[in-house]
Amino acid sequence: MLTILGNVINSNLIAGSSHITFLQSVNFTKFSILTRRNMWWGYSEPLDLQNEITQRDDQVSSNLEVLIVGAGDARHIVKTLASSYVHSDRIITYHVIEPTLEQVARSILLLNICLQKDLGLQEATRYYLEILGNTLLRPATAKYLAKCTKQLVDISTCTIDCPWLSLEKFKYKERDNLECIFKFWTRATREGVPIINYWDRRIRKSLKTRYDYREGVFDWDYYMVLKPKGIFNLTIQEYRFWRNNGVAFTWLEGEPVRSNPTLLNNIIQYGSGFLHYTYLGDIVNGPFFTWAANERKDKMFRATDIAEGELMRTIYEIKTKEPLCEDYIGAHRDPSILNGTIVTEMPDIEMELESWTNANDKTDKEKISWIEIPNHKIIFHSASSLELLKSKCEYVKKFHLIWVAHNMTKQLENLVPLASTDASIIVELRKYMTELHKEDLQNFNKELSEIVQKNGLRSVYDFNSNEHTLARLYKN
């Protein structure tokens, strides 16, 4: 059990009234595997998992079982869904383990955006990116979030059938906590939370006496750490703006002014309100290395433009089962502004905290309609199952592919028994983690190599965190 003390980072209470009361010291305990920070996003590109399996074995089964551990978001599932039309028809079951229920809830929300029938292509793309990586949302995105999360509560309580999702492996208490998270998001989106203040506290605590010179720190990390690693389209303006306030993706159409409560931690019910911890996520690297990791040396595109194009293409393929015309992706953009940072100033703080009314709210009568993906099923497992699955016969040698996050490598000992013979095991590396020095990456490589050898795995190539984002292994 991980105990988090309120005197380290303030907890907050959204009480029965619309205002927010600050609690200076609140102690509570919540299960968590992470020891450093919550991962709200990954540090590697989205993969077509079916392609990873068939590359190694053309005679693979028509029923594929995949285990994803600690990915932090739903990118691999989204990418695999999008690419399924280029493969033979197979039934794919995705088993997902995340360290916290907040990460589970975010994955469900992001998948819902990609699969919801009544969302336009550009609309869905920008909702996804903003909720994934921005502390502040545009009003349209915030209204969607408040409406959508109120509807998603019914999924967590199993009062509506979601054909692509299963929570049957969760305990009743975990489902109740998931319901609590969705309810908190609905309310916090409307009432506002001072997430920019939370972000600033983290920056101050991290930089200490260097806080007044933070622009120089951010520039150093960008030019001396990230650029040498081949980050072509991430501009200094984008990176600096995100480091200052947590807003990664910006567009000319609409100003981000509403707080994104999906980035808050350790949400629990407290009477008629909720307790939550402030932002405990990444403040150094950013969400740019997932959908924006595609290397394009065209200087006319920012990381935001790359991510928008990649995700738009992916959502289109999910819905139509055919590729998207490349000309369509940039057709709605003015080429003269592609290389500029659209938002350079923060909005008035009063706009962030402005309370929205619930008047004329008709969402109770509305239900979400999803596109059909009959051959795909997503099953979430409890975090505690990491150590338990290897003792259950039905999971031993079950999975054709296991994907493991960079901070879950010590769990490989528990995961290897679950892999079938010749199964692919993909481990995320730490190439894009700005705060790590070469010595840290070398130590990580050494530790991972020892774990690989100890557990009888073989590497497809000599992996190196200085050069690679992933280590591809297989079980003998």
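**A short tour of a predicted model**

Hello everyone. Let me start out at the surface, with Lys208, which is exposed, with a relative accessible area of 61%. Please keep in mind that what we are looking at is a predicted model. Lys208 sits in the loop that joins α7 (195-207) to α8 (214-226). Although Lys208 is not a glycine, its phi is positive, at about 55 degrees.

Lys208 has a companion in that respect. Asp422 is not a glycine either, and its phi is positive at about 65 degrees. Asp422 belongs to strand β14, which covers residues 419-428. How accessible is Asp422? Its relative accessibility is 46%, so Asp422 counts as partly exposed, since the exposed class begins over 50%.

Let's stay with β14 for a moment, because Val427 lies in that strand too. Val427 is buried, with a relative accessible area of 0%. Which residues touch Val427, once we leave aside its neighbours within four places in sequence? They are Val404, Thr409, Leu412, Leu448, Thr469, Leu470, Ala471 and Leu473. For Val404, the C-alpha atom is 4.8 Å from that of Val427, with the two positions 23 residues apart along the chain.

Now let me step back to the whole chain. There are 476 residues in it, and 60% of them are buried. The chain has 14 helices and 16 strands. Taking contacts with a separation of 6 or more, 78% are between residues 24 or more positions apart.

One pair that is far apart in sequence is Val257 and Arg138. They are 119 residues apart along the chain, and their C-alpha atoms are separated by 5.8 Å. Val257 is in the loop between α9 (236-245) and β9 (258-259). Is Val257 buried or exposed? It is buried, at 6% relative accessible area.

On to the core. In soluble globular proteins, nonpolar side chains tend to be buried together. Here, the largest nonpolar core has 139 residues, and Ile108 and Trp164 are the ones with the most contacts inside it. Helix α3 gives the most to this core, with 10 residues. Apart from neighbours within four places in sequence, Ile108 is in contact with Trp164 itself, and also with Leu152, Leu165, Leu167, Leu178, Phe182 and Phe380.

Phe380 brings us to the empty spaces. A search of the whole structure finds three cavities of 30 Å³ or more. The second largest has a volume of about 50 Å³. Phe380 is one of its lining residues, along with Ile68, Ala71, Asp73, Ala74, His76, Ile77, Val96, Glu98, Ser107 and Leu111. Two elements give two or more residues to this lining, α2 (75-83) and α3 (101-115). What is the character of the lining of the second largest cavity? Seven residues are nonpolar, two are polar and two are charged.

My last stop is helix α4, residues 121-133. At 1.5 Å a residue, its 13 residues should span 18 Å, and the end C-alpha atoms are 19 Å apart, which agrees. Of those 13 residues, 11 are buried, so α4 is largely enclosed by the rest of the structure. Among the buried ones are Leu121, Tyr127, Tyr128 and Leu132, and also Arg126 and Glu130.

So that is the tour, from a loop at the surface to an enclosed helix. Thanks for listening!

Conventions: Residues are numbered from 1 along each chain as its sequence is written. This is a predicted model: local features need pLDDT of at least 70, side-chain atom pairs count only at pLDDT 80 or more; totals for chains, interfaces and linings use all residues. Side-chain values use heavy atoms; hydrogens and water are left out. On a 1 Å grid over the protein atoms alone, a cavity is a set of points where a 1.4 Å probe fits but cannot get out, and a pocket is an open set with protein on both sides within 12 Å along at least five of seven lines; lining residues have an atom within 4 Å of a point. Grid points are joined across faces, edges and corners, and a volume is the space filled by probe spheres set on the points. Helices (H or I, at least four residues) and strands (E, at least two) are DSSP runs, numbered from the N terminus. Ala, Val, Leu, Ile, Met, Phe, Trp, Tyr, Cys and Pro count as nonpolar, Asp, Glu, Lys and Arg as charged, and the others, Gly among them, as polar. A nonpolar core is a set of buried Ala, Val, Leu, Ile, Met, Phe, Trp, Tyr and Cys residues joined through side-chain atoms within 4.5 Å. Buried means under 20% relative accessible area, exposed over 50%, partly exposed in between (1.4 Å probe, protein chains only). Contact means heavy atoms within 4.5 Å. The expected span of a helix is 1.5 Å times one less than its number of residues.
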